[in-house]
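Me: Hi! I've just opened this one and would like to talk through how it is put together. Could you walk me through it?

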Amino acid sequence: MSTLMKSKTFARRALLLALLSVCVDHVWAQSRSAATRAPEQAENADAETEMFRPLIYNGPPLPAPRLLDGKPDLSGFWQGVREKGVPGGNHGKDQPGFILPLTEKGKRAMIYAQNHTPDPEAVCINGGIPRHNSSGLPFEILHTTDRFATLYHYTTHRSATVAEQRPLPPKDAISKTYFGTNVAYWESDTLVIETTGLRDSSFEKIWLDENGNPTSDQTRVIERWSRPDYHHLQLEETVIDPKYYRVPFKFTRKWNYGGDGRGVGEYSCNENNVEREHIGPGAGVIGPNGNRGFGYDAPLPKTPPSPDAYGF
Amino acid sequence: MSYRIKPRHMAAGLVLSAVAATGSAQYRDEAKPDGITTQSIAIWLGTDYTGKPVATPRDAKGKPILNGYWKLLHEAGKPDGNLAKDLPQFQLPYTAAGKAALAANEKVVDPEARCIITGIPRALTAVLPFEIQHNGVRFATFHQLGWHRLAWLDGRKTPVDPDPRYSGNGIGQWDGDTLVIRSQGYKDSADGRVWADDNANPISSEAVVVERWSRPDYHHLNLEFTLTDPKYYSKPVKYARHFVLAPEGERLKEFSCEWNTYWVSTHLEPGPGRIGADGNRYFGPDKQIVPDWPLGSVEDDGRGTGYWLYRKNKPKPSDLPPKPEAE
């Protein structure tokens, strides 16, 4: 989406939200369904605008829904909360200077990724765990008593079997993958997912996050998911990777509920991916704010520049 | 579509051709049974449960729960991956436009081999196992090539002008103990990116698919669907299948469909391959009805493309030398 479209959409959205917030304040408390249903789609909203449009809910916390077995049901459409001054897509967002505690090997792997590996997501390879947990894109959870699936924008997914706490399979019984091999179990009302058997950034096409931080074949990820109330989802994640990181590190994040009746759409990443060689390696320049940036911040001019401006 | 072929790809291709010509190919030799087919059949196909029937699980509202990892009960003599499976002589009632669309599909590389999402109904005609997970509002089928399809069970109305999708826009509701999902708003084969089944049959933007899912007991799942597509078919096409719950512990295997590979950019041929009078395109010699495991593998068992079709005297992806990226 162009910046022009974005700014127009933003203006339209801001106006809509202002109007909505006036109306909604009076209405929210009237019924639970009004408080949880999906917001009305803006006129002519494109799929991308639609994906990020938030549910505005300012009412009192409503209880999290429960599964048939009484455990919290984490199902729903979840939109990441962007913390001010903290980078998105960076697993080092909670670290000093937004830098992860890389070992020497880890630094080499990071430099390798920046100089040799086109962003795996840009060439439509499964994003993997834990990368999707720091993604800026909303995602969906479909949760039943014995299965937990996170469904991503790319029409890919990660699944886990929820059962009693049990050890991960032995290393030699695991085939390395992007989403890894996992076990999921409840600790009170927190769903814990332990993952291992992941690919290695030094010789495979996997990154730890959008910024090209590395992950290794020794990585173990422990995710702790909870839904404190109807409208909020939170994750406390620990990444243990002695090959690339000096110490285990934590990553925490919150998501807002997108509203009943909303979910991920369909996206065929490979549809027209014939220009792979034009995609350079690495995540691009990462600024002191820890962000890699997805484009230019300056708004585009109102009238498009002539073809001369592009130097053709 | 243009592929950029690098000199190193050409060189590797030449080496492969030379290897093939000298008869010392690494790829499967039709004359030497190797057990791969037997192993693949065990991985992909279901074996019927013949024990005492166990009751269908039900949710709080008393509706059946269809969740599980389901494997096909293959019908002897019936071609999988063919929309015409249940029709006389396996002949579909094409319109003139349908015939033309089929001919056009046969000139493009299989969309699955290009790692484009496998839509509906194609994913439902595939020989591969799949998983269902649903709750009261959402229904998902998870497929072996790494994609999923989603439908709504929340009682919403049919959208007026939905985005065209490979899986259509599905809305389900219960008819007694049968879950009925009606999908419309499909992408059209005219775009060159979607087939209705493995045999390159077409689907149009006018198509409506009505799936009827039921679980008569714990171990069995039935599917009947009707494709109504007046643009490409002169009458509705009916299709029915039976699945068995996979043994405890079996799951979909992770598969990252990566079409930007040496293999895809240098070796793919258009179309579904030759389809016999028995309606089957087959996956290998000796009328192999399932693809090999690893699936269309390029490097190891989790990466590949949906191009596992064995072609006589052609190597298949898993036979290729190690990744050229490592050169």
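Reply: Happy to, and keep in mind that this is a predicted model. A good place to begin is the largest nonpolar core, which has 53 residues. The members touching the most other members are Leu83(B), Ile132(B), Phe139(B), Trp213(B), Leu221(B), Leu227(B) and Phe243(B).

Me: Which elements give two or more residues to this core?

Reply: In chain B, two helices do so, H2 (36-44) and H4 (122-125). The strands that do are S1 (68-72), S2 (130-134), S6 (178-184), S7 (208-217), S8 (220-228) and S9 (237-245) of chain B.

Me: Let's zoom in on Leu221(B). What is it in contact with, leaving aside neighbours within four places in sequence?

Reply: Leu221(B) is in contact with Leu66(B), Trp70(B), Phe130(B) and Ile132(B), and also with Trp213(B), Ser214(B), Arg215(B) and Pro216(B). Arg241(B), His242(B) and Phe243(B) complete that set of contacts.

Me: And what about another core, apart from that one?

Reply: There is another core, of 28 residues, and it lies apart from the largest one. Its members include Ala35(A), Ala160(A), Ala184(A) and Phe251(A). As a general point, nonpolar side chains in soluble globular proteins tend to be buried together.

Me: Back to chain B. How do the nine strands of the barrel follow one another?

Reply: The barrel in chain B closes in the order S1-S2-S3-S4-S5-S6-S7-S8-S9, and its pairing is mixed. From one strand to the next, the twist averages 30 degrees.

Me: I'd like to look at S3(B). How is it joined to S2(B)?

Reply: S2(B) and S3(B), the latter being residues 138-143, run antiparallel and are joined by five bridges. Glu131(B) has Phe142(B) as its bridge partner, and Gln133(B) stands opposite Ala140(B). The two strands form a hairpin, with three residues between them.

Me: What about S3(B) and S4(B)?

Reply: Five bridges join S3(B) to S4(B), residues 148-152, and these strands run antiparallel. Here Ala140(B) stands opposite Leu150(B). S3(B) and S4(B) form a hairpin with four residues between them, and Gly146(B) in the turn has a positive phi of about 100 degrees.

Me: Is S3(B) mostly covered or exposed?

Reply: Mostly covered: six of its six residues are buried. Arg138(B), Ala140(B) and Phe142(B) point one way from the strand, while Phe139(B), Thr141(B) and His143(B) point the other way. In a regular strand, side chains alternate between the two faces of the sheet.

Me: Changing topic to helices: which residues of H3(B) are buried?

Reply: In H3(B), residues 96-105, the buried ones are Gly98(B), Ala101(B), Leu102(B) and Asn105(B). They cover an arc of only 100 degrees around the axis, so they sit on the same side of H3(B).

Me: And which are exposed on the other side of H3(B)?

Reply: Ala96(B) and Lys99(B) are exposed there.

Me: Over to chain A. What is the order of the strands in its open sheet?

Reply: The nine strands run S4-S3-S2-S1-S9-S8-S7-S6-S5 across the open sheet of chain A, with antiparallel pairing. The edges are S4 (157-161) and S5 (181-187) of chain A; each has a single partner strand, so one side of each is left without a neighbour in the sheet. Neighbouring strands of this sheet are turned by 25 degrees against each other on average, direction ignored.

Me: How many bridges join S3(A) to S4(A)?

Reply: Five, between S4(A) and S3(A), residues 147-151, and the two run antiparallel. Within that pairing, Thr150(A) stands opposite Arg158(A).

Me: Nice. Can you give me an overview of each chain?

Reply: Sure. Chain A has four helices and nine strands, arranged from the N terminus on as α-α-α-β-α-β-β-β-β-β-β-β-β. Of its 312 residues, 50% are buried, and its accessible surface comes to about 15,100 Å², with 57% belonging to carbon and sulfur atoms. Chain B has five helices and eleven strands. Buried residues make up 56% of its 327 residues, and its accessible surface is about 14,000 Å², 55% of which belongs to carbon and sulfur atoms.

Me: One last thing. Of the contacts with a separation of 6 or more, what percentage comes from residues 24 or more positions apart in chain A?

Reply: In chain A they account for 65% of those contacts. For chain B, residues 24 or more positions apart account for 67% of the contacts with a separation of 6 or more.

Methods. Residues numbered from 1 in each chain as written. Chains lettered and ligands numbered in written order. Predicted model: local features only at pLDDT ≥ 70, side-chain atom pairs only at ≥ 80, totals over all residues. Heavy atoms only, no water. Core = buried A, V, L, I, M, F, W, Y, C linked by side-chain atoms within 4.5 Å. Buried < 20%, exposed > 50% of the residue type's maximum accessible area, 1.4 Å probe, protein only. Contact = heavy atoms within 4.5 Å. Pairing = 2+ DSSP bridges. Axes fitted to C-alpha atoms, helices over the stretch in contact; angles between N-to-C directions. Areas by Shrake-Rupley, 256 points an atom, 1.4 Å probe, with all protein chains shown as cover. Arc of directions from axis to C-beta.
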